[in-house]
Amino acid sequence: MRNNSDFLFASESVSEGHPDKVADCISDTVLDTYLAADPEARVACETMVTTNQIILAGEVRGPESITKELLIEKARETVKEIGYDQEGFSWKNAKSLNFMHSQSVNIAVGVDGGLGKDEGAGDQGIMFGYATSETESLMPAPIYYAHKILKNLNDLRKSGDIKGKGFLPDAKSQVTLRYVQGKPIEATSIVLSTQHEEWMSQKEIKEILGELVTNTLPQGWMCPEQEFYVNPTGIFIIGGPDGDCGLTGRKIIVDTYGGAAPHGGGAFSGKDPTKVDRSAAYACRYLAKNIVAAGLADSCTLQISYAIGVSHPLSVYVDLHDTGKDVNEKELEKVLREIMDLSPKGIRKHLRLNRPIYKETAAYGHFGRQPDVVKDNFTWEQTDLVDTLRLAFKR
């Protein structure tokens, strides 16, 4: 986004019950199931969900113990956890089909290492990472608060609190913030749509959500009442996959930076970490975040490119958006290659990606999340390169 200028910027998020996110959650559940059995498993799982239908497709290479029936069972468990047991979409009786098949040998031969050949990237592509000092998580504020509103709503729905009764899994948010001199200062409008039980009135829904949003935003940031739009089309009873078909990978901007930074185009969910669409995007966020956390810049965009079957990145590009603190971007690009092995295998080893850690990433953003020391998840959000970067630039 522009630095040192005044503007409005909006980002949206969707809940775990949004049909596309249901598909993402199922795809990452399939991935975790394989990685739990074999850390070297290869998975590219696509999911489609619609009215009482769950369809799996894609390519895998893993243990024969992972049967089609087991994956269907895991998919149902995921739908149950999200909260769907409705007439039009229920974890109990949705018809489930599994069309997963073996990975192409042509892809495998290009990716696999051995016999003097380094492991190659699982596909060609360009990946981006971004970080900014405008929030504590070093994420753009609009997407940060759009996610946080829906996460708080989801927690309320599942908490057993009387205020959460009547809310159903499908929800969307959109947050527009005013920037002055490149810094966010307030919300100018909030859009929040949520599926609900038929007995809930729109007045009751708006009152509950108004309190939730006000408590989620920084003090004094709440938008004017006339700019707080709750279920703008009226009632929202039919939702989730019964209201709209869901597909894996259709919310890539929600998954990343809310449009505040470029996106290479590749989706994440359902892909094992040999796919650089996922692993290298995580590495880009990790490096960009550490650059900003080290105080070398207030914002940073980083791009890495790969070719299928080739182990080393073809390019590394850094843009500090004129916020660098006496740091040469060309020198920074060189330093990044030195402090982290950016081959697909190097990334996976450094960030410990060959583990069943992905289901949790599928909703509320892959970036800006708090790493859990016990689970050792969201490793790409750690700032353990700060001292190395400061030393390299004599800070």
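The following legends describe close-up views of a predicted model.

**View 1. Helix H8, residues 276–293, and the glycine that comes after it.** At 1.5 Å a residue, the 18 residues of helix H8 should span 26 Å, and the 24 Å separating the C-alpha atoms at its ends agrees with that expectation. Because 17 of the 18 residues of H8 are buried, the helix is largely enclosed by the rest of the structure. Gly295, which follows H8, has a positive phi near 80 degrees.

**View 2. The largest nonpolar core and the surroundings of Ile347.** This core has 75 residues, of which Ile291, Tyr306, Leu332, Ile347, Trp380 and Leu389 touch the most other members. Its largest share, eleven residues, is contributed by H8. When neighbours within four places in sequence are left aside, the contacts of Ile347 include Ser279, Ala280 and Ala283, together with Tyr306; also among them are Met340, Asp341 and Leu342, as well as Arg352 and Leu353. A second core, separate from this one, consists of 29 residues, including Ala141, Ile149, Leu150 and Ile205.

**View 3. Glu134, a buried residue without a salt bridge.** Glu134 is situated in the loop that runs between strand E5 (125–132) and helix H4 (141–159). The nearest side chain of opposite charge belongs to Lys183 and is 6.6 Å away; since a salt bridge requires a separation within 4 Å, this pair does not form one. The side chain of Glu134 is, however, joined to that of Tyr179 by a polar contact of 2.5 Å. Beyond its neighbours within four places in sequence, Glu134 is in contact with residues including Met1, Met139, Pro140, Ala141 and Pro142, and likewise with Tyr179, Gly182 and Pro184.

**View 4. Asp326, a loop residue with a positive phi.** Most residues other than glycine have a negative phi. Asp326, by contrast, has a positive phi near 55 degrees, and it lies in the loop between strand E11 (315–319) and helix H9 (329–339). Its relative accessibility is 79%, and because the threshold for exposed is over 50%, Asp326 counts as exposed.

**View 5. Phe378, a buried loop residue with a positive phi.** Although Phe378 is not a glycine, its phi is positive, at about 50 degrees. The loop that holds Phe378 connects helix H10 (344–351) and helix H11 (386–392). With a relative accessible area of 2%, Phe378 is buried, whereas Asp326 in the preceding view is exposed.

Technical notes
Residues are numbered from 1 along each chain as its sequence is written. This is a predicted model: local features need pLDDT of at least 70, side-chain atom pairs count only at pLDDT 80 or more; totals for chains, interfaces and linings use all residues. Side-chain values use heavy atoms; hydrogens and water are left out. Helices (H or I, at least four residues) and strands (E, at least two) are DSSP runs, numbered from the N terminus. The expected span of a helix is 1.5 Å times one less than its number of residues. Buried means under 20% relative accessible area, exposed over 50%, partly exposed in between (1.4 Å probe, protein chains only). A nonpolar core is a set of buried Ala, Val, Leu, Ile, Met, Phe, Trp, Tyr and Cys residues joined through side-chain atoms within 4.5 Å. Contact means heavy atoms within 4.5 Å. Lys and Arg count as positive and Asp and Glu as negative; His and the chain ends are not counted. A polar contact is a pair of N or O atoms within 3.5 Å; within protein, one must be able to donate a hydrogen and the other to accept it, and residues adjacent in sequence count only if both atoms are side-chain atoms.
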